[in-house]
Every structure is written in C-alpha cells, then in structure tokens.
Amino acid sequence: MFSNSEIGIDLGTANVLVYSKNKGIILNEPSVVAIDTETKSVLAVGTEAKSMIGKTPGKIVAVRPLKDGVIADFDVTTEMLKQIMKKAGKQLGFSIRKPNVVVCTPSGATSVERRAITDAVKGSGAKSVTLIEEPVAAAIGADLPVDEPVANVIVDIGGGTTEVAIISYGGVVSCNTIRIGGDQMDDDIIQHVRKKYNLLIGERTAEQIKIEIGYALIDHEELSMDIRGRDLVTGLPKTITLESKEIQAALKESLLHILETIRATLENCPPELSGDIVDRGVIITGGGALLNGIQDWLSEEIVVPVHLAPNPLESVAIGTGRSLSVIHKLQKIAK
C-alpha cells in the first residue's frame, strides 16, 4: 500500500497524466475544467469537460487552468488536481492518503510559478511534493541514460511550450523554452481559415485538421479534408475543403521558431558533448512530435539523426514516475 502512495504527475497544458510505480499510467485526462460561473462550483474535469468546450450554455464555461505549461488560475488548478487525485485513487483501488508526489515543471518556469505548482499539489492532498524539470523527466521516460556523462538532446513539443534541452550527468547543460506548441499550431490554423475563407472554426476542429492533414515542411502527397464552421459573412453554417499544402503554409512560422530554438540550444553545447550528439542524435517527444513528417524535416535541417520517443505523449509522465527511484541520485548530482 505504501509503494502505491508514490505518484508522478505530468501537469501539462493539454493533458494531465498520473503515473503509479506499480501500474504505470493510471490516468490521462485533458487539462480542462467546466465551471458554473454563478456558483463557482466545478461541474466536470478532464474528458467530460473537454467535450463541453464551445458547446455550453452561458453560465457554464469550460476553462483550461494551465497556460504555457504553468498555472494561470490557481484555485481552479487545485480543484482539478483534487478531482484527479480522487480518480487516481479509484484506479488504484483505494483512496490515496497523502501520497508523495513528483511533479514536472517547465525548465523556464519562474520561482513564483514553481511555488504555485507546489502549493496547488499540496492543496490537493499531497504529503510531499518534489519538482523535476520537464526535459529531464521526458528524457527518463524516453529511456535515455540521463545519469551518465553523455549528451542526451530532448525536444519536448507540448501543448503550450516547446522545450529543448541537452542533459548530461543528471542535469540540464543547455536549455531553451519557447511558448509555442500544439495550441499555437491550432491557433495558426484557426487564423488561416478565418482570413482565407471568412469561416470561424473551434479549437477541436483545428486540432482535428492538424492531426489529419497537418504536415511539417516536407514534400508530401496532397491530402484534403472537409470541415464545417460558421460563415462570418452570412452567420450561417458552411462546409469547405482544406488542402494539406495550405495547412503546411499556415504552420510554417511556428515550426521555424521551434527549429530556431533547437539550433540555439545546440549552439550553446560544450564541444565535448557535440560529438555525442552527432552519434546519438536528438529525441523528439510530446504531442507535437506526432505531426506528420516532423522527424524527417528536423533531421534534414539540423543534419543529425532525429528519433521519436517510444511513447511521445506519455514520456514526461512515465519519466516523472520513474524518477522517484532516480531522484535522490539526481538531487545529489544537482548539489
């Protein structure tokens, strides 16, 4: 029972994942909370709340309390974590009483933002809270030897941020974070459809377009997709057909920013570790790593091998959970 009371949480902008040492990923829910604005009570959390986005009556709003990987609304995040801890307890077959929790934070998070994460997790009933940097967690989850003195380059393209880090001997050698990720790509698609077709589409439709016909900047066979939205001129529902080439053009700017960040991080790498990077390559993880063609495009641009992590969406959560056993070693190294 006591070993079960150690859990790892990946508090992501798009999804919250909970990892238990014995059972692996026990919970994977969208970071969305539905709130009644009159009573301020929480009506739904996770999958149920996500299905309400853009479809609720006036007094109910579906909000995402995490923005760019950090807490934007403290009270709602605490409430969401309480509900998630309850669900996790059900999955484990008993209520989790005062678990020890490891939570990952973006490496660019300020001390105030880190304190907010610690307080929110403690407020949801945790006994102790340990923070681990997201790139280190992602590297552990992708089976990289983080505690050895070799360079591991991890590119974590999440919902709110993209983090690029070179990790060696348990610590971050060089790291850059930009607030561009899957959400920004969805927004690029919404703006493109609005400008070109005078059509308003929602976040969920934009995400669907990105998954089905979104491509990184490589040559590919043209794909098309029918989408529905509201015509801004007539105000009536309308269906249009989108081509994958125009979605590729809409995503271009965000993708180039991500590439620039990877280059900037590699430029700051100590020369001794550069040799390792040429041999071992770069690992991409996070939801954005699933964009069609991104692996080929990046390896062409940075001229080193690019590998996809075994479970890109779950790497950070798995690493956060596994780090429970490594964390003392990592902390010693950090000291």
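In this predicted model, helix α2 (residues 74-92) packs against helix α3 (residues 111-123), with the two axes 8 Å apart and set at an angle of about 45°. Angles under 35 degrees would count as roughly parallel and those from 65 to 115 as roughly perpendicular, so α2 and α3 come out as oblique to each other. As for handedness, the α2 and α3 crossing is right-handed.

On the α2 side, the contact is made by Phe-74, Thr-77, Thr-78, Leu-81 and Lys-82. Helix α3 answers with Ala-116, Asp-119, Ala-120, Val-121 and Gly-123. Sorted by class, the contact of α2 with α3 comes to five nonpolar, three polar and two charged residues.

Next comes the sheet. Three strands make up an open sheet with antiparallel pairing, and their order is β14-β15-β16. The edges are taken by β14 (199-200) and β16 (237-243); each has a single partner strand, so one side of each is left without a neighbour in the sheet. Strand β15 (residues 224-231) pairs with β16 over seven bridges, in the antiparallel sense. To pick out one spot along that pairing, Ser-224 sits opposite Glu-243 of β16.

The sheet also has a helix to go with it. Helix α5 (residues 182-197) lies across β14, β15 and β16, and runs at about 110° to β16. With 65 to 115 degrees counting as roughly perpendicular, the α5 direction relative to β16, at about 110°, falls in that class.

Notes:
Residues are numbered from 1 along each chain as its sequence is written. This is a predicted model: local features need pLDDT of at least 70, side-chain atom pairs count only at pLDDT 80 or more; totals for chains, interfaces and linings use all residues. Side-chain values use heavy atoms; hydrogens and water are left out. Axes are lines fitted to C-alpha atoms, for helices over the stretch in contact, and angles run from 0 to 180 degrees between N-to-C directions. Helices (H or I, at least four residues) and strands (E, at least two) are DSSP runs, numbered from the N terminus. Angles under 35 degrees count as roughly parallel, over 145 as roughly antiparallel, 65 to 115 as roughly perpendicular and the rest as oblique. A crossing is left-handed if the near helix is turned anticlockwise from the far one by less than a right angle, and right-handed if clockwise. Contact means heavy atoms within 4.5 Å. Ala, Val, Leu, Ile, Met, Phe, Trp, Tyr, Cys and Pro count as nonpolar, Asp, Glu, Lys and Arg as charged, and the others, Gly among them, as polar. Two strands pair if DSSP finds at least two bridges between them.
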